[in-house]
Amino acid sequence: MLIPMLAELTGNVHVAAAAAGAAIGVGMIGMRASEAVGRNPGAATKILVQAILSTAFAEGIVFFAIFLVK
Amino acid sequence: MRTFLLFLVGVLGIAFAPLAFAAEGHAVAAPAGHAEHAEKEGIPLYAAPVAKFGPLVLTNSMVITWAVAILLIIGAQLAMRNVRMVPQGAQNFWEWLVEGLDDFLGGIMGADLARKTFWFFATLFILVLATNWAGLIPGVGSIGWGHPDENGHFHHFTTSLLRGANADLNMTLAMSLVFFACWIVWALQANGPGGFVMHIFGPKGDTTGIMKWGMIVVFLAVGVLEVVSIAFRPVSLSFRLYGNIFAGENMLETMATLVPGFGWLIPIPFYFMELLVGMVQALVFMLLTAVFTLLICSHDEEHAHEPAHGHAGEHKH
């Protein structure tokens, strides 16, 4: 059942895959950042910087998938 | 005050940078955009030209970029016309903004480097933030002109007068390339030509004897990888900002037409999300460029030159 369904998939599958991966990555970054702020609220600004940078790198993949992969 | 003048010069420089790129990009970009727009709804991928002056083409995203830049310059000049010791009103706002950015950049890059490069990063942040938010003002992208069909009815317009500035790849690419040029200059100033090459290809860490020769080979290979990653930075910077803002505009448009009759209600939460995205992307653009600059300008060996409140973790890379 699953295999024929997968075989029928068309369209921009690579964008979907990149979006799924980026979403997982951003979620994990957010989770760990919240945990880190919970442990050490004084370092919130530094953690925010790291988290935003990592988030930017993670979500950048989607834009490569959209614009650069044909 | 000197910093402020530098800041204004920076705003001007960046605002006018897209001129050349827009004129150049138009030649190939516009016809494809028209063809694509004819068959599918939604925002065209490319900025549309609104006026032509000989070889120079004025696109709708340039209109808003210049409008925002001029407003920023006039606003800053008006606010700083009679400077008071205890700031009030507009002066207070601008001082809060500039001081906050100064503290923030100083915390990331160290006081010396932040002082030297502040004009660029503060300008980037303020300009990107202002253009992102200006693109959300109702009327931007929805006021324009179109052509009637055979029966004389207007269905949708083809050219909008204004377009979010960062929803144009020319603008974001121009900013990244300006940063790249500045980055090279700052790297050469901080390291010297030899030090610049050594910074990328040279071996790091303190190994001795035969291991050292192995390390030199390894770090030569690492340097090649680093050159590739550096060369890809302008691409990723420009696509990240363009993608986020363009996707946001497209999403707002989709949300407005999703459920018939509720086009006025459904986009509202997404407007708030776009406010947040505009802020975060401005921050990301400034942060990434600042960190790239820090990485190349920081010295591994000369620990004496580190700022007092140094960031030990950021010096190893």
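## A walk through the two chains

Across all chains, the count comes to 2 salt bridges. The model you are looking at is a predicted one, and these two pairs make a handy place to begin. Side chains of opposite charge can pair when their charged atoms come close.

Start in chain A. Here the side chains of A:Glu35 and A:Arg32 meet in a salt bridge, at 3.1 Å from N to O. Both residues belong to helix H2 of chain A (residues 13-39), and they sit 3 residues apart, about one turn of the helix. How open are the two partners? A:Arg32 counts as exposed, because its relative accessibility is 52% and the cut-off for exposed is over 50%. A:Glu35, with a relative accessible area of 34%, is partly exposed.

Now move to chain B for the other pair. B:Arg115 forms a salt bridge with B:Asp102, and their closest N and O atoms are 3.5 Å apart. This pair ties together parts that are 13 residues apart in sequence, because B:Arg115 lies in helix H5 (residues 111-134) of chain B while B:Asp102 lies in helix H4 of chain B. B:Arg115 is exposed, with a relative accessible area of 59%, and B:Asp102 counts as partly exposed at 24% relative accessibility.

While you are in chain B, take in its overall plan. It holds 9 helices and 4 strands, and from the N terminus on these elements run α-α-β-β-α-α-α-β-β-α-α-α-α. Of the 317 residues of chain B, 43% count as buried. Among the contacts in chain B with a separation of 6 or more, 69% are between residues 24 or more positions apart.

Helix H5 is also a good way into the aromatic residues. The count over all chains is 14 aromatic pairs. One of them joins B:Trp119 and B:Phe120: the ring centres are 5.7 Å apart and the planes stand at 75 degrees, so the pair is edge-to-face. The two residues have different surroundings, since B:Trp119 is partly exposed at 25% relative accessibility and B:Phe120 is buried with a relative accessible area of 1%. Both belong to one aromatic cluster, together with B:Phe121, B:Phe179 and B:Trp186.

Next, look inside chain B at two serines. B:Ser176 is in helix H6 (residues 169-201) of chain B, and at 0% relative accessibility it counts as buried. What does the side chain of B:Ser176 reach at 2.6 Å? That partner is the backbone oxygen of B:Thr172. Leaving out residues up to four places away in sequence, B:Ser176 touches B:Pro234, B:Leu237, B:Ser238 and B:Phe285. Follow the contact to B:Ser238, which is found in helix H7 of chain B. B:Ser238 is likewise buried, with a relative accessible area of 1%. Apart from its neighbours within four places in sequence, B:Ser238 is in contact with B:Leu169, B:Thr172, B:Leu173 and B:Ser176.

Helix H7 also leads to the place where the chains meet. The size of an interface is often given as the accessible area lost when the parts come together. Between chain B and chain A, the buried area is about 1400 Å², with carbon and sulfur atoms giving 84% of it. B:Phe239, B:Arg240 and B:Leu287 supply 34% of the area that chain B buries against chain A, more than any other three residues. The contact draws 19 residues from chain B and 14 residues from chain A.

What kinds of residue does chain B bring to its side of the contact with chain A? By class, there are 12 nonpolar, 5 polar and 2 charged residues. Between the two chains the count is 0 salt bridges, while 3 residue pairs are in polar contact across the interface. On the side of chain B that touches chain A, the elements giving two or more residues are helix H4 (89-109), helix H7 (210-256) and helix H8 (267-297) of chain B. H7(B) gives the most, with 8 residues.

For a view from the other side, find A:Ile52 in helix H3 (residues 44-68) of chain A. Not counting residues up to four places away in sequence, A:Ile52 touches B:Leu283, B:Val284 and B:Leu287. Is A:Ile52 buried or exposed? At 12% relative accessibility, A:Ile52 counts as buried, because the cut-off is under 20%.

Definitions and conventions:
Residues numbered from 1 in each chain as written. Chains lettered and ligands numbered in written order. Predicted model: local features only at pLDDT ≥ 70, side-chain atom pairs only at ≥ 80, totals over all residues. Heavy atoms only, no water. Contact = heavy atoms within 4.5 Å. Buried area = accessible area lost by both parts, 1.4 Å probe. Salt bridge = Lys/Arg side-chain N within 4 Å of Asp/Glu carboxyl O. Polar contact = N/O pair within 3.5 Å; in protein donor to acceptor, adjacent residues only side chain to side chain. Nonpolar A, V, L, I, M, F, W, Y, C, P; charged D, E, K, R; others polar. Buried < 20%, exposed > 50% of the residue type's maximum accessible area, 1.4 Å probe, protein only. Phe/Tyr/Trp six-rings, centres within 6.5 Å; stacked < 30°, edge-to-face > 60°.
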